[in-house]
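Student: I should like to learn how to read helix packing and backbone angles in a protein model. May we work through an example?

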Amino acid sequence: MSDLIQAVLDSDERIDMRQFASELHHGEKRYLLRNDILSAFEAYCTNHQKPEQFFRSSLLGRLIYYVQEIILDIESFCVIIRPRIASQEVFRIYREDLTVEPMSTEQLLDLRDRIVNCYHPHEGDVLELDFQPFNDYSPTIRDPKNIGKGVQFLNRYLSSKLLQEPGQWLEALFRFLSIHSHDGMQLLINSRIQNQQQLSGQIKRALTFVGELPEDKPYQDFRFELQVLGLEPGWGNTAHRVRETLEMLDELIDSPDHQGLEAFISRVPMIFKIVLVSPHGWFGQEGVLGRPDTGGQVVYVLDQARSLEKQMQEEIKLTGLDVHPKIVILTRLIPNNDGTRSDQRLEKVYGTENAWILRVPLREFNPKVTQNWISRFEFWPYLETFALDAQKELEAEFHGVPDLIVGNYSDGNLVAFLLARRLKVTQCNIAHALEKSKYLFSNLYWQNLDDQYHFSLQFTADLIAMNAANFIISSTYQEIVGTPDSIGQYESYKSFTMPELYHVVDGIELFSPKFNVVPPGVNENTYFPYTRTEERLPSDRERLEELLFTLEDPVHVYGKLDNPGKRPIFSMARLDRIKNLTGLAECFGRSPELQEQCNLILVAGKLRAEETADQEEASEIRKLYHVIDEYRLHGKIRWLGVRLPKADSGEIYRVIADHQGIFVQPALFEAFGLTILESMITGLPTFATRFGGPLEIIQDRVNGFLINPTNLEETAQKILDFISKCDQNPSYWEEISKRAIERVYTSYTWKIHTTRLLSLAKIYGFWNFVSQEDREDMLRYIELLFYTLFKPRAQRLLEQHMHR
């Protein structure tokens with residue numbers, strides 16, 4: 001990229017660069033992000049009457065396209081360039097003579113501190129966090145296109161090691177197979193096989209033996225013959241299945257390849273007990289959705305638990321074992337339950353045989369706080385003791401330790417780290433949403449925001465958990481490293497400053513094989529196409545139709561529609577700033593054309609600010625009333641302050657589809673967007689934010705529509721264009737509807753998700769076993785950060801809670 005800068009300086013466009021930089025210096029902003037930069041350059045081209053192609057095709061235009069940030073200093077300006085995904089180059093350019101010099105990460109972080117008046121070199125250096133030296137133990141991916149395909153890369157790496165160092169790695173494979181047991185029962189191989197040479201020989205003898213048996217002969221009928229050869233249960237439930245598994249291992253020993261390694265390890269019976277950690281919010285199965293901090297993550301974890309149990313049952317049956325898997329969802333117990341079941345210690349997950357919600361109470365530091373719901377932003381002081389208490393409860397529930405711990409969100413991932421470290425089991429992280437990329441400049445201005453959001457704790461917890469995890473599941477590729485136009489959520493942790501607290505020089509290895517894209521599914525029993533009328537209950541349909549369009553209930557409904565027959569624009573989400581329902585209402589309010597043709601119907605938790613303890617929700621409630629009044633939307637909008645049972649949440653989309661409506665998801669940022677899958681699978685044409693996961697779910701104008709929720713006029717016009725096409729071609733609505741349904745069924749099912757998750761858990765369990773010693777240095781470093789950075793700050797927040 002330095003070559004492109006030099007090309008600009010060596011050309012006639014040097015004058016344009018100087019002039020553009022001068023105009024930026026005379027503007028109000030000292031710190032410009034990509035959209036600011038593009039807008040400013042577009043204005044420059046217009047004001048200076050540049051040819052149309054200059055904006056994109058000139059040398060300067062091409063350079064500007066790659067610039068992510070510009071920081072204006074007194075005599076120079078700093079440009080942060082992203083020449084490709086997961087890559088960054090930084091240069092200082094002096095205004096006087098346009099001299100260019102590269103900047104180190106440390107220099108960039110110092111400059112950012114100076115921008116917010118927090119640079120004090122005379123007082124000494126700030127703490128630097130650098131994880132790069134600890135990544136040397138792990139192989140790294142080279143091609144950015146393969147980021148998020150970590151297990152494929154890891155399998156190739158491991159199989160190449162088997163070829164290059166067969167003695168060492170076959171010994172590791174032998175030791176790995178010999179450690180497996182379940183409830184005191186030895187699995188796979190017994191003490192008759194003492195080393196890898198004997199293993200190879202006995203596998204061949206066993207293959208000769210089972211090859212002579214009828215394929216459907218049950219394992220129990222020849223179990224003892226295999227035991228004499230040194231083989232215990234776990235190879236298969238029939239002679240055919242046993243032979244297949246033994247052949248995989250035999251081929252792996254003789255001629256290893258990555259596909260054979262994954263296929264064999266995926267058959268090893270090693271996952272029987274799983275913990276899914278989701279501490280915050282009102283975690284439950286009824287009457288909780290729409291409450292503060294209680295939304296898509298709850299749905300995700302419950303559906304994941306059901307599907308995991310089913311998949312585990314299928315896989316364990318094929319191994320020949322008579323074992324019943326168990327899944328525990330670990331969350332907190334809330335004594336003041338507000339009409340929910342959040343005060344019940346143990347609750348069975350509906351539709352499962354052995355999946356449970358285990359609620360562990362917080363220690364009573366201050367009952368006024370710990371007896372009640374606590375915001376996810378205030379939860380940090382309780383996580384360590386919660387993990388300690390949860391460990392005892394989990395060991396009692398499992399009569400031992402789990403085989404896999406899956407964290408959810410920042411708090412759950414930190415608890416997963418604390419548990420996995422103590423129990424010595426595999427840790428998986430699922431971020432759902434990293435707040436750092438949702439709140440602009442949240443790290444730079446953390447000191448102004450910490451009283452409300454405590455980002456100093458959250459971002460530290462994120463660094464700890466994501467580096468400690470054995471593997472990380474993301475819903476999309478761009479969650480990790482973004483798009484050519486924007487950085488990813490994890491990428492934002494690569495380097496950043498927390499002024500006067502610490503500098504992150506290298507926070508995460510984006511090319512690590514720990515990252516895997518495994519999108520979630522949607523519950524197909526609840527969410528299914530509106531056309532499947534035989535599965536819909538007429539009474540539910542009629543009741544929800546009345547609720548949506550005509551029911552007069554001042555307690556739960558605000559607004560009466562003048563013309564209920566208009567095409568409905570529908571949205572359903574919590575009322576918080578990022579979900580941006582108030583932005584959708586304003587978009588509707590600014591467009592008389594939309595108001596003429598459509599009604600706006602919102603399902604959004606509560607109607608009254610005084611009914612919520614969440615400050616952000618209260619603020620959004622007041623803002624929504626203001627928007628309704630400002631744009632005189634009475635008679636055109638309906639706001640339902642209800643929490644729908646799960647069955648109703650599926651049918652409500654279908655009722656909107658009956659009226660050929662649309663679903664709009666207007667979030668300022670959405671990590672994935674389960675409601676998008678829910679609406680699409682029911683057949684409802686969906687308009688969703690292009691900031692985040694929906695970019696990978698929706699193929700724009702093919703099976704849905706992507707919108708920029710910050711551009712209200714453009715969003716309104718895109719909806720109007722769709723409505724116009726529907727008016728001109730009555731089948732257009734159905735075409736989009738059918739393609740939306742097809743998209744979900746082919747790419748986003750829980751069967752696909754859980755099959756992949758279990759395979760990943762086994763592969764990374766093997767990798768964790770063979771690389772355990774190499775990871776210890778990093779884990780010690782992470783513990784140091786927990787006890788010296790995170791814990792003291794959490795203790796100070798706890799002291800504040802004690803005086804409430």
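Tutor: We shall discuss a pair of helices and then two loop residues. This is a predicted model, in which local features need pLDDT of at least 70, side-chain atom pairs count only at pLDDT 80 or more, and totals for chains, interfaces and linings use all residues. Residues are numbered from 1 along each chain as its sequence is written, and side-chain values use heavy atoms, with hydrogens and water left out.

Student: At what angle do the axes of helix α3 and helix α5 cross?

Tutor: Axes are lines fitted to C-alpha atoms, for helices over the stretch in contact, and angles run from 0 to 180 degrees between N-to-C directions. Here α3 (residues 34-47) and α5 (residues 59-66) cross at roughly 160°, their axes coming within 9 Å. The two helices are therefore roughly antiparallel (an angle over 145 degrees).

Student: Which residues of α3 and α5 meet?

Tutor: Contact means heavy atoms within 4.5 Å. Arg 34, Ile 37, Leu 38 and Phe 41 in α3 meet Leu 60, Gly 61, Ile 64 and Tyr 65 in α5.

Student: What is the sign of phi in His 399 and in Phe 441?

Tutor: Most residues other than glycine have a negative phi. In His 399, however, phi is positive, near 55°; this residue lies in the loop between α15 and β13 (404-408). Phe 441 also has a positive phi, of about 60°, and lies in the loop between α17 (435-438) and α18 (446-453).

Student: Is His 399 buried or exposed?

Tutor: His 399 is exposed (over 50% relative accessible area), at 71%. Phe 441, at 24%, is partly exposed (between 20% and 50%).

Key:
Helix = DSSP H or I, 4+ residues; strand = E, 2+ residues; numbered from the N terminus. Parallel < 35°, antiparallel > 145°, perpendicular 65-115°, else oblique. Buried < 20%, exposed > 50% of the residue type's maximum accessible area, 1.4 Å probe, protein only.
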